[in-house]
Amino acid sequence: MNLTSKPISLVVDERGELRPATSTIERRLSHMRGMYADAEAERAALAQDDALVYEVYQYDMPEFVGELVVCTTVLHPGKVGDEFFMTKGHFHEQRDRAEVYYGLSGEGRLLLAKDDEFADVPMGASTVAYVPPYWAHRTVNTGDEPLVFLAVYPGDAGHDYGTIETDGFPQLVVERDGAVAVLSER
Ligand code: M6P
Ligand code: ZN
């Protein structure tokens with residue numbers, strides 16, 4: 001990775017890929033074992049097909065205060081049981097680092113949680129969503145098309161996945177009677 005950032009202009013293509021990207025992540029169902037509420041539905045889904053749930057295209061920057069990392073996420077439509085496809089979700093390792101999301105296409109929700117508080121805000125084309133410092137964040141696709149968004153966060157923020165892997169996330173988003181429902185587990 002470059003240790004010095006330089007001026008650069010990036011392009012997001014029609015399917016949400018950021019170009020150029022310096023790292024790409026593909027997350028399949030098998031990378032998220034245990035994260036969906038319905039364990040039986042998860043087993044059945046995995047037995048059928050290890051579906052691609054989302055892709056992240058990132059332009060890495062030096063991991064310093066003051067730098068900003070830019071990435072896009074392409075979160076595919078789908079469900080495990082009645083729960084919509086989602087990202088793993090994370091806290092920032094440096095808890096006091098914030099993040100901004102800008103929605104490019106599709107529709108969904110951004111779930112946020114901090115201590116006993118939780119929130120969900122809409123995500124979709126032209127939505128700007130703010131993740132304040134200290135809040136865990138997870139994105140959910142509630143539509144039939146990929147949910148595509150751009151994210152910008154501090155270079156030294158880091159990702160803490162372990163806390164959510166251990167404790168879970170307090171909200172889940174499901175289809176109930178043909179409508180989108182955000183359920184709280186607390
Ligand atoms: C957004 C940003 C990224 C994150 C990605 C996928 O683009 O928050 O930092 O990696 O979503 O989410 P997660 O890392 O929780 O799987
Ligand atoms: Zn983040």
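Student: What makes β9 and strand β14 (residues 147-154) count as a pair?

Tutor: Two strands pair if DSSP finds at least two bridges between them, and β9 and β14 have five bridges, in the antiparallel sense. Five meets the minimum of two, so β9 and β14 are a pair. Within this pairing, Val-100 stands opposite Val-152 in β14. The strand labels are DSSP runs numbered from the N terminus, with at least two residues (E) for a strand and at least four (H or I) for a helix.

Student: What are the ground rules for these values?

Tutor: This is a predicted model, where local features need pLDDT of at least 70, side-chain atom pairs count only at pLDDT 80 or more, and totals for chains, interfaces and linings use all residues; side-chain values use heavy atoms, with hydrogens and water left out. Residues are numbered from 1 along each chain as its sequence is written, while chains are lettered from A and ligands numbered from 1 in the order in which they are written.

Student: Which strand does β9 (residues 99-105) join through four bridges?

Tutor: Those four bridges go to strand β12 (residues 128-131), and the two strands run antiparallel. Tyr-102 stands opposite Val-128 in β12.

Student: Why is β5 described as largely enclosed by the rest of the structure?

Tutor: Buried means under 20% relative accessible area, exposed over 50%, and partly exposed in between, with a 1.4 Å probe and protein chains only. Seven of the eight residues of β5 are buried, so the description follows. As for its partners, β5 is joined to β14 by eight antiparallel bridges, with Val-70 opposite Val-152 in β14. β4 and β5 also pair in the antiparallel sense, over six bridges, and there Glu-55 stands opposite Val-74 in β5.

Student: What makes a set of residues a nonpolar core?

Tutor: The set must consist of buried Ala, Val, Leu, Ile, Met, Phe, Trp, Tyr and Cys residues joined through side-chain atoms within 4.5 Å. The largest such core here has 45 residues, and Leu-29, Tyr-36 and Val-53 have the most contacts inside it. Elements that give two or more residues to this core include α1 (39-48), β4 (52-59), β5 (68-75) and β10 (107-114).

Student: Which residues are in contact with Tyr-36, leaving aside neighbours within four places in sequence?

Tutor: Contact means heavy atoms within 4.5 Å. On that basis the partners of Tyr-36 are Leu-29, Glu-42, Val-53, Val-80, Glu-83, Phe-84, Phe-85 and Met-86.

Student: Why is His-92 called buried?

Tutor: His-92 has 2% relative accessibility, and the limit for buried is under 20%, so His-92 counts as buried. His-92 lies in strand β8 (residues 91-92). Its contacts beyond four places in sequence include Arg-97, His-137 and Asp-160.

Student: What makes Arg-176 and Asp-82 a salt bridge?

Tutor: The definition asks for a side-chain nitrogen of Lys or Arg within 4 Å of a carboxyl oxygen of Asp or Glu. For Arg-176 and Asp-82 the N to O value is 3.4 Å, so the pair qualifies. Arg-176 lies in strand β16 (residues 171-176) and Asp-82 in the loop between β6 (79-80) and β7 (83-84), so the pair ties together parts that are 94 residues apart in sequence. Arg-176, at 41%, and Asp-82, at 28%, are partly exposed.

Student: How many salt bridges does the whole structure have?

Tutor: A search finds 14. One of them joins Arg-95 to Asp-160, the closest N and O atoms being 2.9 Å apart. Another has the side chains of Asp-156 and Arg-97 meeting at 2.4 Å, N to O. Both Asp-156 and Arg-97 are buried.

Student: Which residues form the nonpolar patch on the surface?

Tutor: They are Val-12, Val-100, Tyr-102, Leu-104, Val-128 and Tyr-130, with about 520 Å² of accessible area together; such areas come from the Shrake-Rupley method with a 1.4 Å probe, and for residues only the protein chains shown count as cover. Patch members need over 30% relative accessible area and no salt bridge; nonpolar side chains (Val, Leu, Ile, Met, Phe, Trp, Tyr) are joined within 5 Å, and like charges within 9 Å. Leu-104 has 33%, so it passes the 30% requirement. Leu-104 is found in strand β9, which gives the most to the patch, with three residues.
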